[in-house]
Every structure is written in C-alpha cells, then in structure tokens.
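Have the model open beside you and turn it as you read. We'll take the chains one after the other and finish on a single residue.

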Amino acid sequence: MERTLDIKVNVREAQGDCYIVELSGEIDVYTSPKVKDAIGDLIDRGVYNLVIDLEKVRYIDSTGLGVLIGGLKRVREHGGSVNLVCTNPQIRKIFDITGLVKIFGIFESEDAAMKALV
Amino acid sequence: MTQPLPSTDDIDIVDLRIPCRAEWVALARLSVAAVASRLNFSIDEIEDIKLAVAEACTNAIQHAHGSPYIEIKCEAMPGALRLSVRDYGHGTRPEHIRSRDLTDERVGGLGVFLIRSLMDEVDYQVHPDQGTLLIMVKRLAN
C-alpha cells in the first residue's frame, strides 16, 4: 500500500546563480528520496549555491538530515554552499544536538540566507 | 542514574505491529505520540519521543534485512513511557551500533545519536540472526 507523500518541493531561481528549494511537510525515510532527487537534479545542472527553506517543514529525521549533508558535500566539491532557513525551535533543536549548526549556515529568512551565499 | 519503574499493575500496554517498510513509519510515530500525549508529556517531549521511535523504525528498515515487520510496544506508566522496538532481521552486530562522531560530516550514525540524545534510557539487545530489540525510556520532567 502506498502512502501519499507528505512532502512538497518548490524550486525557484533567485538572484545570481542561487536557487531556493522550499520544502513543505515531513521529511522522513519515506519522503526524503524526493528531496534528495530535487537537490541532486539542481547540482547535476550545475547549481552549486542553494538556499533550502525549511520554514514549512513540520518534521525532519536523520534521513532528511542525511540528504542535506549529502547535498552540502556535493556542492562544496564545486566551491558552492548550502544555507538553511529555519526558525522552528523543534527542528532547530535537531540541528543543535547533532552539531550540524556548525556545518550549515542557518538563517531566519530567505533574504538573509541568500545574502550570506552571494 | 536509572530509576526503578513501577510494577506491572500500573502499566498500560499498547502494542503496534507495522510492515518493515518506509511508508509505515509515520503511522508508528503518530501512534506513539498519541500514547505519549496521554501521559502529560510536553509538546517538546512528545516531539522527542516521535523522533526517537521513528529513528528506531528507520534503523530496522535500513539494517534488519529480512524482517517482515516491526513490533512497537508502548508501556505507559506513572511518570514514564517505555518503548520497545523489535525487528526480526539478521541483526546488526552490537559493535556496529554506535553514535556518530559529531566532527565527522558523514551521514551514518545520526539516528542512533538522536535516540541516545532524546531519550533518558536506551538499551540495545542484539541477537544475531534473530533481530534487534531496542528499549527506550522517557521520563516526565516533573
């Protein structure tokens, strides 16, 4: 039985060569492949500066974190970077306790995250 | 320090069995959250419990090859919730169940690290070729 994917991915071009990946819903072991594909498609097209907006994400687990880490490692190989937008305290807490706040730039708005990239 | 849990007379048990597949993990975490909410855990604590049980199920799906299902036992007791997550796969060797080094940017090990960080007690019982039993306890803060 297939469950409806409770994740939406909206990709849009921003200023410079930066793209914004806006995620909505829950990122878990079932939905994270869709996020991985979206990020992977951008990188395959030569987009190496990404803002991933987690403002509408209600839940993320280690597979979701793994997708973000994997994306960051790939863009870094090309001199790029990934910044996150996240103000949800529960999700921010997961980045804090896993130490991922040290490897991602985490911002309170898309504007701030983009300005830090370019 | 580990505190003694109440006698079995004070424990309400809720059992759940889900197929060992990714699309069922959401059901497990929402069901366990419903049990936790009856124990007056805070919203933040319920989120911790949801994530811990989801990570346990995800580990089973990713590593317990051959397990047809995952059993989740919720034991609701005064002041604490004990969760047992059991699979019947080949089982990961105990020495392979470890948290990640947080200075390492690799992906693996995050789930175990999160479980250990979010729950008050965590015990893995690995039985080679018979699966893995993970027992976790979350206590009410007050």
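What follows is a walk through a predicted model, starting with chain A and then moving to chain B.

Let's begin with chain A. It holds four helices and five strands, and if you trace it along the sequence you'll read off the pattern β-β-α-β-α-β-α-β-α. As for overall dimensions, the C-alpha atoms of chain A fill a box of roughly 40 × 30 × 20 Å along the principal axes. Is that what you'd want from a chain of 118 residues? A compact globule with 118 residues would have a radius of gyration near 13 Å, and chain A comes in at 13 Å, so the two agree. Of those 118 residues, 38% count as buried. The contacts reach along the sequence too: take the ones in chain A that join residues at least 6 apart, and 69% of them link residues at least 24 apart.

The β-β start of that pattern is worth a closer look. Strand E1 of chain A (residues 7–13) runs antiparallel to strand E2 of chain A (residues 18–27), and seven bridges join them. One place to check the register is A:Val9, whose bridge partner in E2(A) is A:Leu23. Between the two strands of this hairpin sit four residues, and here A:Gly16 takes a positive phi near 65 degrees.

Now swing over to chain B and find its sheet. Five strands make up an open, antiparallel sheet, in the order E1-E2-E3-E5-E4. Strand E1 (12–19) and strand E4 (121–127) of chain B each have a single partner strand, so they stand at the edges with one side lacking a neighbour in the sheet. From one strand to the next, the twist averages 15 degrees.

Start at the E1 edge and work inwards. E1(B) pairs with strand E2 of chain B (residues 69–77) in the antiparallel sense, over eight bridges. Two positions let you follow the register: B:Asp15 has B:Lys73 in E2(B) as its bridge partner, while B:Leu16 stands opposite B:Ile72 in E2(B). Stay on B:Ile72 and look across to the other side, where its bridge partner in E3(B) is B:Val85. That pairing, between E2(B) and strand E3 of chain B (residues 80–87), is antiparallel and also has eight bridges. The hairpin that connects E2(B) and E3(B) has two residues between the strands, and B:Gly79 there has a positive phi near 85 degrees.

Next come the helices of chain B. The axes of H1(B) and H2(B) come within 9 Å and cross at roughly 145 degrees, in a right-handed crossing. On the H1(B) side, the contact includes B:Val25, B:Ala28 and B:Val32, and on the H2(B) side B:Ile46, B:Ile49 and B:Val53 are among the residues involved. By class, this contact has ten nonpolar, two polar and two charged residues.

H2(B) also packs against H3(B), at an angle of about 145 degrees and with the axes 9 Å apart. This time the crossing is left-handed. Among the residues that meet here are B:Leu51, B:Ala52 and B:Glu55 from H2(B), and B:Leu114, B:Ile115 and B:Leu118 from H3(B). The contact of H2(B) with H3(B) divides into six nonpolar, three polar and two charged residues.

These helices turn up again where the chains meet. The contact takes 19 residues from chain B and 19 residues from chain A. On the chain B side, helix H1 (25–37), helix H2 (43–63) and helix H3 (110–118) each supply at least two residues. Which helix gives the largest share of that side? It's H2(B), with seven residues. The side of chain B that touches chain A has eleven nonpolar, three polar and five charged residues.

One last stop, back in the sheet of chain B: B:Leu133, which is found in strand E5 (residues 131–139). Is B:Leu133 buried, partly exposed or exposed? Burial needs 20 or more C-beta neighbours within 10 Å, and B:Leu133 has 18 inside 10 Å, so it counts as partly exposed. Beyond its neighbours within four places in sequence, B:Leu133 is in contact with B:Ser84, B:Arg86 and B:Gln125. Of these, B:Arg86 lies 47 residues away along the chain, yet its C-alpha atom is separated from that of B:Leu133 by 4.4 Å.

Note on methods:
Residues numbered from 1 in each chain as written. Chains lettered and ligands numbered in written order. Predicted model: local features only at pLDDT ≥ 70, side-chain atom pairs only at ≥ 80, totals over all residues. Pairing = 2+ DSSP bridges. Axes fitted to C-alpha atoms, helices over the stretch in contact; angles between N-to-C directions. Rg over C-alpha atoms; globule rule 2.2 N^0.38 Å. Buried ≥ 20, exposed ≤ 12 C-beta atoms within 10 Å, placed from the backbone. Contact = placed C-beta atoms within 7 Å. Nonpolar A, V, L, I, M, F, W, Y, C, P; charged D, E, K, R; others polar. Left-handed = near helix turned anticlockwise from the far one by under 90°.
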